[in-house]
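Please find below a colleague's note on the model under review. It is set out as numbered points for reading alongside the coordinates.

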Amino acid sequence: MLTVKQDIPDFVLSSQLDNFIIGADKQVMFTLKKGSSVILQETYTPDSNQEINVLDLFSLMEPYLLSSQLLQFSYSLSASGETAVNKSFIVLLCRHIVPCSADDFVNGYFLTALAGRDKVTSFERTETLYLTTGKLASGGTTIPIMVECVFVNDRNQLLSSTRSLGNVADYGIRSVDVSPSRFTQSGYRLLRYTVLAGARRLTFRVDHGEPETVGLKFRNSFGVLETFYFVGGETVEPELTRSAAYFSGRYRTYHVDEQRKHTASTGFIPQSMYLLADDVARSCEVYLMDSSGDIPVTIIESDTGRNDADDGLFSFTVTYIHASRCQQRMELLPDIFDDSFDDTYN
């Protein structure tokens, strides 16, 4: 008899794709598809317990999820003389072990490693949140996005204000611009704000110190682009490797290979942002945020080690190089005077 002993939920996080167990007393043809494309098609023979274990399904689906983070897959089982079993299911890319169902997670949290924890931000920074319901088709509703802002004035008087950022569709993966510069109040400074989308909530605490920052945009564990700002300073270590040889009796350098190692520090960050620092360090797609555009970089080293010996604050570092062979980046000076400048005395 052909049965499924351990099935795949209708909606599942990729990190929750465990062993797929089939019960059978004869050979079974297993086919895994993405749309009409066959990912895997194999004939399996049951073991002594009349079971077939299909292992590591995530590795088969990951190449598809890297390009589109929410996708529908399907499988079919067939055996001689048995009724075929067919099922479709939706998978969301996720590289975290999540201690709840996929439905509970996406309905309760934004797609970030913060998982509801506070994030420190500052004006002039870009902040984007992503959310999904795990569906690929609309249920005929939308999701309202609200922001609860807390302002403070020069007399330390607080002012609370609730604002709407509109609605987003209830299917696919949706992004919301929640940069602090969007929330202002005359005569007041923004102290903190909480973004609400259904049961999802995330609080941003605004640092008005405005320190120099290195902003990195990275592909997080859910496959969406997120930002992280390093406020603890940056060091640059150019490394030059020279290749030389004799040409016409003269010893000359014919190639210079340069790697400029940039080491950025987070500065002391609260515990709520530890997982986000880890997410940056493990990302395979990282960009340096620059006024001229995002510059691809590659993280080559990181130090995100910590222990729970005390409750102190920790500082982490990552070392990156520009992904381009050209490591030097030219910064152009802006025009100081326009054509109307009076140059009578020149």
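The points below concern a predicted model, and they take up a helix, a pocket and a single aromatic residue in turn.

1. Helix 1 spans residues 57-67, and its buried residues are Leu-57, Phe-58, Met-61 and Leu-65. These four residues lie on the same side of helix 1, because they cover an arc of only 80° around the axis.

2. The other side of helix 1 carries Pro-63 and Ser-67, both of which are exposed. Helix 1 thus presents buried residues such as Phe-58 and Met-61 as well as exposed ones on the other side.

3. Several strands help to cover the buried residues of helix 1. Included in this cover are strand 3 (20-23), strand 4 (28-34) and strand 6 (51-54), together with strand 7 (70-78) and strand 8 (85-92).

4. The second largest pocket holds about 220 Å³ of space. Its lining consists of 13 residues, and those nearest the centre of the pocket are Ile-97, Val-98, Pro-99, Phe-105 and Ala-115.

5. What is the make-up of the lining of the second largest pocket in nonpolar, polar and charged residues? The lining comprises 10 nonpolar residues, 2 polar residues and 1 charged residue.

6. Phe-247 belongs to strand 18, which covers residues 234-247. With a relative accessibility of 41%, Phe-247 is classed as partly exposed, because that class lies between the limits of 20% and 50%. When neighbours within four places in sequence are set aside, Phe-247 makes contact with Arg-252 and Tyr-254.

Conventions: Residues are numbered from 1 along each chain as its sequence is written. This is a predicted model: local features need pLDDT of at least 70, side-chain atom pairs count only at pLDDT 80 or more; totals for chains, interfaces and linings use all residues. Side-chain values use heavy atoms; hydrogens and water are left out. Buried means under 20% relative accessible area, exposed over 50%, partly exposed in between (1.4 Å probe, protein chains only). Helices (H or I, at least four residues) and strands (E, at least two) are DSSP runs, numbered from the N terminus. The arc is that of the directions from the helix axis to the C-beta atoms. Contact means heavy atoms within 4.5 Å. On a 1 Å grid over the protein atoms alone, a cavity is a set of points where a 1.4 Å probe fits but cannot get out, and a pocket is an open set with protein on both sides within 12 Å along at least five of seven lines; lining residues have an atom within 4 Å of a point. Grid points are joined across faces, edges and corners, and a volume is the space filled by probe spheres set on the points. Ala, Val, Leu, Ile, Met, Phe, Trp, Tyr, Cys and Pro count as nonpolar, Asp, Glu, Lys and Arg as charged, and the others, Gly among them, as polar.
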